[in-house]
Amino acid sequence: MHAPVRKSSLVAVIGAVVGALALTSAALAGNAGFAPVTPDSPNAHSITDAYWFITGFVLFVLVAVEGLLVAFIWRYRRRKRTRHTEGPQIHGSTRLESMWTLIPVVILVAVAAFVFVKLPGIKNVPSANAAAGRIEVTVAGQQFSWQFTYPNGAVAIDHLRVPVDEPVHLTVTAPDWDVIHSWWIPALGGKIDAIPGRLNHTWFTARKLGTFGGRCAELCGVQHTDMLMTVEVMPRAQFEQWVAQRAQQQQSGTAKGTLGQEEWTGSCAKCHGLSGQGLVGPSIAASGILQDEAQLTALLRNGLKRGSKAPMPPVGRGWSQAQLDALAAYLKGRFGGR
Ligand code: CUA
């Protein structure tokens, strides 16, 4: 025999579950580290829409399944039956079985349809605005920095400058001798892998001025966590001026204060420390190589082989002469035991 279940306790249990979930959603809405960052590019908006659409179903399924689970545990608990008494034997219920087949099918079709509708807006680079033309940047991920190359030859490390409200087309890759990295600025669109020898494409259009942070999203070695990057969104005129000036500085060899410093911070200091004091890489603060451009160039271009006492990736193998000069100029008199 079984006593009638007390409706009030069932309601209390389900109420508690729903309450807990509501609190969780409130925390999510407050962006307590779970929700995506506020998007600032059309493709990032589409990704965030898809996230919330799917999260709605996920919460519905969680509430339904956990609620029923708790209700059933309560409703069909053993009570005073002896341990060896079998419960009622129940066979197939066509209605129930059709329901738990159909509902998931409907949910999956809805999710797939939504994602397919959003996909072109995420993936396809919008056509260029005839007046300005879109900005093209080649992004190369290497252990453990990001190098940005603009069409006029200007190079920057770890800090990408772009104009506001213009589609920025990124060709994302990695040098042949490097490993796979993943480009990811959460507020400005999805992840894309930086694969040695392959050209991947992505884009964003930043809608407001400011600086956005991102990181390498593929475990790529000891200093993976230091592979951070920032995107600085600036007015068009200011961007034009910067990109022209950077290219001109590189050509005239006066880029030492800017590009050289970016190279030191991005490519050297991640392993050797900002003052060359040593980190995961050995201390180089007192090394004479830093003051000898020929030796420095050879080291940057060749690296040190795996198996040697302190292996080092050839961080400067793809660098132009201007980039090598910029680093040498920056290091002059600053490090290297002088
Ligand atoms: Cu590059 Cu992780």
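## A walk through the helices

Start with the whole chain on screen: among the contacts in the protein with a separation of 6 or more, 65% are between residues 24 or more positions apart. Keep in mind as you go that this is a predicted model.

**Stop 1: the overview.** Switch to a cartoon view, where you can pick out seven helices and ten strands. The protein has 338 residues, and 37% of them count as buried. If you turn on a surface, its accessible area comes to about 19000 Å². Carbon and sulfur atoms account for 63% of that area.

**Stop 2: Trp 74.** Now select residues 42–75, which form helix 2, and look for Trp 74 within it. Is Trp 74 buried, partly exposed or exposed? Its relative accessibility is 33%, and a residue is buried under 20% and exposed over 50%, so Trp 74 counts as partly exposed. While you are here, add Ser 9 to the selection and draw a distance between the two C-alpha atoms: Trp 74 and Ser 9 are 8.9 Å apart in space, with their positions 65 residues apart in sequence.

**Stop 3: helix 5 against helix 7.** Next, select residues 259–272 for helix 5 and residues 321–331 for helix 7. The axes of helix 5 and helix 7 come within 7 Å, crossing at roughly 90°. Angles of 65 to 115 degrees count as roughly perpendicular, so that is how helix 5 and helix 7 lie to each other. Show side chains to see who meets whom. On the helix 5 side are Leu 259, Gly 260, Gln 261, Glu 263, Trp 264 and Cys 268; they meet Gln 323, Ala 326, Leu 327, Tyr 330 and Leu 331 of helix 7. Colour the residues of this contact by class and you get seven nonpolar, three polar and one charged.

**Stop 4: helix 6 against helix 7.** Keep helix 7 selected and add residues 293–302, which are helix 6. How do the axes of helix 6 and helix 7 cross? They come within 10 Å, at roughly 125°, and helix 6 and helix 7 are therefore oblique to each other. The crossing is right-handed. Helix 6 brings Glu 293, Leu 296, Thr 297, Leu 300 and Arg 301 to the contact, while helix 7 brings Gln 321, Leu 324, Asp 325, Leu 327, Ala 328 and Leu 331. By class, the residues of this contact are six nonpolar, two polar and three charged.

**Last stop: Leu 327 and Leu 331.** Finish by highlighting these two residues of helix 7. Leu 327 and Leu 331 take part in the contact with helix 5, and they also belong to the contact with helix 6.

How values were computed
Residues numbered from 1 in each chain as written. Predicted model: local features only at pLDDT ≥ 70, side-chain atom pairs only at ≥ 80, totals over all residues. Heavy atoms only, no water. Axes fitted to C-alpha atoms, helices over the stretch in contact; angles between N-to-C directions. Helix = DSSP H or I, 4+ residues; strand = E, 2+ residues; numbered from the N terminus. Parallel < 35°, antiparallel > 145°, perpendicular 65-115°, else oblique. Left-handed = near helix turned anticlockwise from the far one by under 90°. Contact = heavy atoms within 4.5 Å. Nonpolar A, V, L, I, M, F, W, Y, C, P; charged D, E, K, R; others polar. Buried < 20%, exposed > 50% of the residue type's maximum accessible area, 1.4 Å probe, protein only. Areas by Shrake-Rupley, 256 points an atom, 1.4 Å probe, with all protein chains shown as cover.
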